[in-house]
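Biologist: I am new to this entry. Can we go through it step by step, with the structure in view?

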Amino acid sequence: MKILEATDIFAGYGKSEILHGVSIYLGQKEVVTIIGPNGAGKSTLLKALMGYIPISRGKLTWKGEDVTHLKPHVKVRKGFGYVPQLGNVFPSLSVLENLEMGGFIQSKQVVREKIEKAFQLFPILKEKRGEKAGTLSGGQRQMLGMARALMTEPELLMLDEPSAGLSPKVSEEVFRTIADIHNRLGRSIIIIEQDAYQSLNISDRGYVLVMGQNEFDDKAENILSNQKIKEAYLGG
Ligand SMILES: Nc1ncnc2c1ncn2[C@@H]1O[C@H](COP(=O)(O)OP(=O)(O)O)[C@@H](O)[C@H]1O
Ligand SMILES: [Mg+2]
């Protein structure tokens, strides 16, 4: 079953159109990676899917329901989760306070339970719970961003370059955690990545986006063994 389906999406910023008819879908419990050169419109696509910028043409459905023009907070209630580039944490708040904010729409008791669950998935955050998020390393900050997004128990998690700026070792840990979120919690996940090997390794399918349009899509394993695509978009 397709849980999310974007068909022929046009979107941009004011008069500047960035997405010129992009189509992607996500099956239930699928992990999909979107790759493509810098400036291709990958982040813009996530913002449009989440409702942070309007979709001017095209259609977005969520479990068959038309959600093309819904606002982000409504989408959050329907099960959308989003972690923008750089993790979206509040540096001057503690780890615990960041998680509490992520659970804003729920009762205190429920928030406490969810934070306990988050600490099971991200033990490092438990250790650091009293420290300001601004003092965390890049990898820990990314973990906190994901943990925060998970506070609303989204069925869909959209991650914008979760490994940006991280060392290979730390980024490996981040991808292991993403695979965990998928396997243990059964979430459907869309990942945007420039360094796509690790991301495709934990994905079912992948899309290549170029200049605001679909260039190519296939099973992740096929993309990883496609010499042409590898040379063009995965650094050889
Ligand atoms: N807030 C914004 N206002 C105007 N233009 C933007 C904004 N954010 C991104 N853009 C433009 O949209 C295009 C695509 O950017 P982006 O979606 O960030 O690409 P990618 O994530 O694939 O690197 C770029 O030309 C960029 O300059
Ligand atoms: Mg981007």
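Modeller: A definition to start with: two strands pair if DSSP finds at least two bridges between them. Keep in mind that this is a predicted model.

Biologist: Which strands are at the edges of the open sheet β2-β1-β4-β5?

Modeller: The open sheet is made of four strands, and their pairing is antiparallel. The order is β2-β1-β4-β5. An edge strand pairs on one side only, and this holds for β2 and β5 (65-66).

Biologist: What is the bridge partner of threonine 61 in β5?

Modeller: Strand β4 covers residues 55-62 and is joined to β5 by two bridges. Those two strands run antiparallel. In β5, threonine 61 has as its bridge partner aspartate 66.

Biologist: Which element gives the most residues to the shell around ligand 1?

Modeller: The residues around ligand 1 include Tyr13, Gly41, Lys42, Ser43 and Thr44. Two elements, β2 (16-27) and α1 (42-50), give two or more residues each to this shell. With three residues, the element that gives the most is α1.

Biologist: At about what angle does α1 run to β2?

Modeller: Helix α1 lies across β1 (2-13), β2 and β4. Its angle to β2 is about 70 degrees.

Biologist: Which helix gives the largest share of the largest nonpolar core?

Modeller: The largest nonpolar core has 60 residues, and Ala147 and Met158 have the most contacts inside it. Leaving out residues up to four places away in sequence, methionine 158 touches Leu46, Leu49, Met50, Gly81, Tyr82 and Ile190. The largest share of the core is six residues, and the helix that gives them is α6 (residues 138-150).

Technical notes: Residues numbered from 1 in each chain as written. Chains lettered and ligands numbered in written order. Predicted model: local features only at pLDDT ≥ 70, side-chain atom pairs only at ≥ 80, totals over all residues. Near = placed C-beta within 6 Å. Core = buried A, V, L, I, M, F, W, Y, C linked by C-beta atoms within 7 Å. Buried ≥ 20, exposed ≤ 12 C-beta atoms within 10 Å, placed from the backbone. Contact = placed C-beta atoms within 7 Å. Axes fitted to C-alpha atoms, helices over the stretch in contact; angles between N-to-C directions.
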